Structures are given as C-alpha cells and as structure tokens.
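Visitor: I would like a close look at a single part of this structure, taken slowly and with its surroundings included. Please also say how far the coordinates can be relied on.

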Amino acid sequence: MAARTKTTAKARPSYRCTECGAQLLKWVGRCTECNAWGTVEEHGAVPIRTTAAGPVSAPARPIGQVDGQVATARSTGVPELDRVLGGGLVPGAVVLLAGEPGVGKSTLLLDVAAKAASDRHRTLYVTGEESAGQVRLRADRINALSDHLYLAAEQDLGAVLGHVEAVNPSLLIMDSVQTVASAELDGAPGGPAQVREVAGALIRASKERGMATLLVGHVTKDGQIAGPRLLEHLVDVVLSFEGDRHARLRLIRGVKNRYGATDEVGCFELHDEGIVGLADPSGLFLTRRDKAVPGTCLTVTLEGKRPLVAEVQALMVDSQIPSPRRTTSGLESPRIAMILAVVERHGGVKLGKQDIYTATVGGVKLTEPSADLAIALAVASSSTDTPLPENLVAIGEVGLAGEVRRVTGVQRRLAEAHRLGFTHALVPPDPGKVPAGMKVVEVADIGEALRAIPGRRSRSKPRAEGAQPTRTPAQQGADALARARAQAPVPAFPEELMAGWEPVDSDELG
C-alpha cells in the first residue's frame, strides 16, 4: 500500500533564510540555523502535509544478523588518504573534501580516480568546472590515465545521474558539488537549495548502489565549507585539505568520520608533476646546514597521532622605532607574546628594545603548546648569539610562572627524534620510558632550560678602559640578583648535557 499524503486546504506563509536556505514558519531577525542577521525573507505559502505509514524497503533485523562484509573498506591506492579515511573508502560512503582554491583538490582526486580504477571497479570522474580536454591535459601531466577511468563534463544533476546509470561505477568523483544544479529547482548553482538537492540526490544514489562518492566542496573566505551547514551533516566523512600555496606541504585532516577516527593526518607534497604522499615528511620541516647557527631550535610536534620533527627560528635585531616589531610566521602571535614575556621575566633575557621575528621552516603551522620550550630556547639563542647543539630537541609547554609543563605523547615524540638521529633532548619532568642511547635532561623551569646554552657571548659593545657606566637602582638590583644566582649551586646536568655533542648528518634527516 503506497504512502498517503494528505494536504489540508489551508496554507500559511513560509520564510526562508537567503544565507543557508533554512525553512522557517515565522519571520525572525536572526536565522536559527546559521545565526545570520537580516537574511530571513518570506518565500511563499506552503501547504501543511501529513504522511501516513507506508511500505518498507526491507524488514528490520537484529543487528547481529546484518552482514558487515559488504561495508569493508577498499583502498584508494593513495596510502596517505587511506590513513585519514581509516583504511580506505567504504562502499556507499559519501566523502566531502573541502579546501581553498589552488590547494590541489582536483589534482589529488584525479590521481585517486586513476589508482582506484580497475577491471572490477570502474571510476567515474565528473567535472563541472573544467572541460573534458582540460582534465585530460592534467591527467597526462600527473600520469593519471586508466582504461577503467571514465570522464564526463556536466553541470546538470539529471545528466550526472544518467552517467551513473550508464557507467555503473564503484567510485564517483564530483568536482565540485557547487557547480551542479537541478532543473527541478530555481536558483543558480551553488545556492543553498541547489547544493542541498544535489547532495541529497547523490547520497541516495550512493546508498542504493553501494557506490563510494567523493564530493569536492568550496570554502568561504573565512575557511568554512561553503553552502548550508546541513551538507556536513548529510555526508559520512568530511575532510579538510590545508596548505600554504607558497609551500610544498599539503595536509588532509579528518573533521568528521563515521568509519574511523579523526585524529589522523595525511601529508602530501605538491610539485610540478602532481601530488605525492609523504610517509616521512619531517625532512620538509628542517634546514640542512654545515654548522649550527644561533636562533634555531628543533622540536617534535604531533599532527593527529603522527610525530613530526619541526624547526623554529628566531631573529633579534636592534629596533629603530619606539615600538619594537613582533612578527610571526607559522606560529600564533598571542602565544609568542606570552613566551617572550616569560623569557624576559623568568629567564633574565632583555628583549625590550629588540625587533623579534619568529617563524617555522617548510610552511608547517605549530599551534600546540609543546613547541613553547623550543621557541624560548631559539629566542635566547638569538639574544646571546650562541648556537644550540645540532642534535638537540626541546619539548615542553611553558607556563606564565616559568615552569615547564608536561605534554601528551612525550614517548612517541622522543622515539621519532631518536629515529632521525637526535641524541639529546630537553623535556619536562617525568617523561616516561626513554629510547635506548638517547640522553634526556629533565628541566623544571625556563631557567634550567636556558642553562643548556653553552658559552653565551655578550652582544654589548666594548667600553673604553677605566670607564664606569652609571647604574640605576633597578639595574643595581638586577646585578645583585644575577650575582646571587651565579653563587647558587648549579645542577650537574649542564656538563653532562654538553659532553660529547656530535653533529647529526644532514643527509640522514632527509
């Protein structure tokens, strides 16, 4: 018996948000879905409908009797993407990949389309932004050709579904969901209503056929996925493709994943011949030098579950303006300001009249607190013009009281540093199990950490013989405090730390 839909004779006006497309029963000043102000407009009268019970597609069964083998993940042929997806693409899963223009979304998915295609599993690549000839040129450049890869250029939803019927693919790639429109609805492609209708039709086709689907999504200038927020709720997996267009490194992060964890990160390198996965990307974040230079320090950061060795740099120069500059690249400005204050207050390093520039190497962005200690050591190294040992890594969060706090995954970080040839590390107290053959020094505060810098060289200018500078009361008090610190007992670890430093071969770090 078919489902019965009863329509009442009375209709009442409907309101719709022009920003996200949400339907509302009454006018409000602020949309309840996207929180935008002044975007709710009257859309017209919509009849009130009630739906009676209808036939079911399949009877409900106990969950233990449901066959789970049909939902086994299949590899995409790109190990770094499989890592983020949780093993591969599940049949019937819908994945939304979003990123900024030019980050490499189309290049990556075209490579996935060619590697996933086989005689048993066809792949259909539908482009709405380019012609078929343009996609073919890119496929030739990155060597993404396969006899089982089908290509179509369509912007009509009905035509896309027609290609799906004709090809019967195991994998559908739609580039992009904002460029396809349905003839049943009014409005330009990319509008909230059109995106919702196109995504809903492709999701229904994927679930009915057991066809995995990859949707390319645009992002706004704020970095959010364009279109209604409902799109992220409808799909099974949401991936974010990140990367600086001036750097080679690209990262894929899992934002939502119904079939796996969201704490994995895939690393890729974009070059002229395409995009390749990086199983060991630490070499991109390090600078190869013949000798150590002041103002650099190495740390180990965690991107998801993956430890990566990264380099932070600091440069200090005499300021020529009343307000010294504080410039950062790849680091958070508020956190850098806090670390500079701690280094000056608890480390005794004068920074007031200096322009300070801090940056990371290779385009990586360090946001977790574990890089605080490395940043502090790099600043102190640049201030004293003293290089740190090349085979040293620093891991730890720095508090406002100058203490060095523990961070998560210290053992994994030390294991990664040891694998790359680093032999010494400065870490917070109680680091746990230490890799065999690695010298680990526990530091409780920033003062103990700064003592690891050997042979500080003064940056002050030489005075004429016999000249005695005038000292203010504040400076005299600082001198007395410095003398008291110098007379205090020094822990035994600085000598042990600096004994037997051996530079790391730069080729091994790559």
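Guide: What follows starts with one strand and its neighbours, then turns to a few other places in the chain and to the confidence of the prediction.

The model is predicted, and the part chosen for the close look is strand S5, which covers residues 123-127 and has five of its five residues buried. In a regular strand the side chains alternate between the two faces of the sheet. In S5, Thr-123, Tyr-125 and Thr-127 lie on one side and Leu-124 and Val-126 on the other, and both of these faces are covered.

S5 is joined to strand S6, residues 149-153, by five bridges, with the two strands running parallel; within this pairing, Leu-124 has Tyr-150 of S6 as its bridge partner. Between the two strands the chain passes through helix H3, and the resulting β-α-β crossover from S5 to S6 is right-handed. S5 also runs parallel to S7, again with five bridges joining the two, and here Thr-123 stands opposite Leu-171.

The helix of that crossover, H3, spans residues 132-142 and contains Arg-138. Because its relative accessibility is 10%, Arg-138 counts as buried, the cut-off being under 20%. Leaving aside residues up to four places away in sequence, Arg-138 touches Ser-106, Thr-107, Leu-110, Tyr-125 and Glu-130; one of these, Tyr-125, belongs to the side of S5 that also carries Thr-123 and Thr-127.

S7, the other partner of S5, takes part in a further piece of packing, since strand S7 (171-175) is among the elements that cover the buried residues of helix H5, along with strand S4 (94-99), helix H4 (157-167), strand S8 (212-217) and helix H6 (230-234). H5 itself runs over residues 192-209, and its 18 residues reach 26 Å from the first C-alpha to the last, close to the 26 Å expected at 1.5 Å a residue. Its buried residues include Val-195, Val-198, Leu-202 and Ile-203, as well as Gln-194 and Ser-206. Just after the helix, Gly-210 takes a positive phi of about 65°.

Further along the chain, strand S20 (residues 424-427) also has both faces covered, with His-424 and Leu-426 buried on one side and Ala-425 and Val-427 buried on the other. S20 pairs in the parallel sense with strand S17, residues 392-394, over three bridges, and in that pairing Ala-394 stands opposite Leu-426. With strand S21, residues 439-442, S20 again pairs in the parallel sense, over four bridges, and Ala-425 has Val-440 as its bridge partner there.

A loop residue can be added to this picture: Ala-247 lies between strand S9 (237-242) and strand S10 (249-257), and it counts as buried because its relative accessibility is 16%. Beyond residues up to four places away in sequence, Ala-247 touches Gly-362 and Gly-363.

As for confidence, the mean pLDDT of the protein chain is 83, and 85% of its residues reach 70 or more. Over residues 456-467 the pLDDT stays under 50, although the model has 14 contacts for this stretch beyond four places in sequence. The pLDDT is likewise below 50 over residues 488-510, where the model has 35 contacts beyond near neighbours in sequence. Where pLDDT is low, the predicted coordinates should not be read in detail.

Definitions and conventions
Residues numbered from 1 in each chain as written. Predicted model: local features only at pLDDT ≥ 70, side-chain atom pairs only at ≥ 80, totals over all residues. Heavy atoms only, no water. Buried < 20%, exposed > 50% of the residue type's maximum accessible area, 1.4 Å probe, protein only. Pairing = 2+ DSSP bridges. Expected span 1.5 Å × (residues − 1). Contact = heavy atoms within 4.5 Å. pLDDT = per-residue confidence, 0-100. Right-handed = clockwise from strand over helix to strand, strands pointing away.
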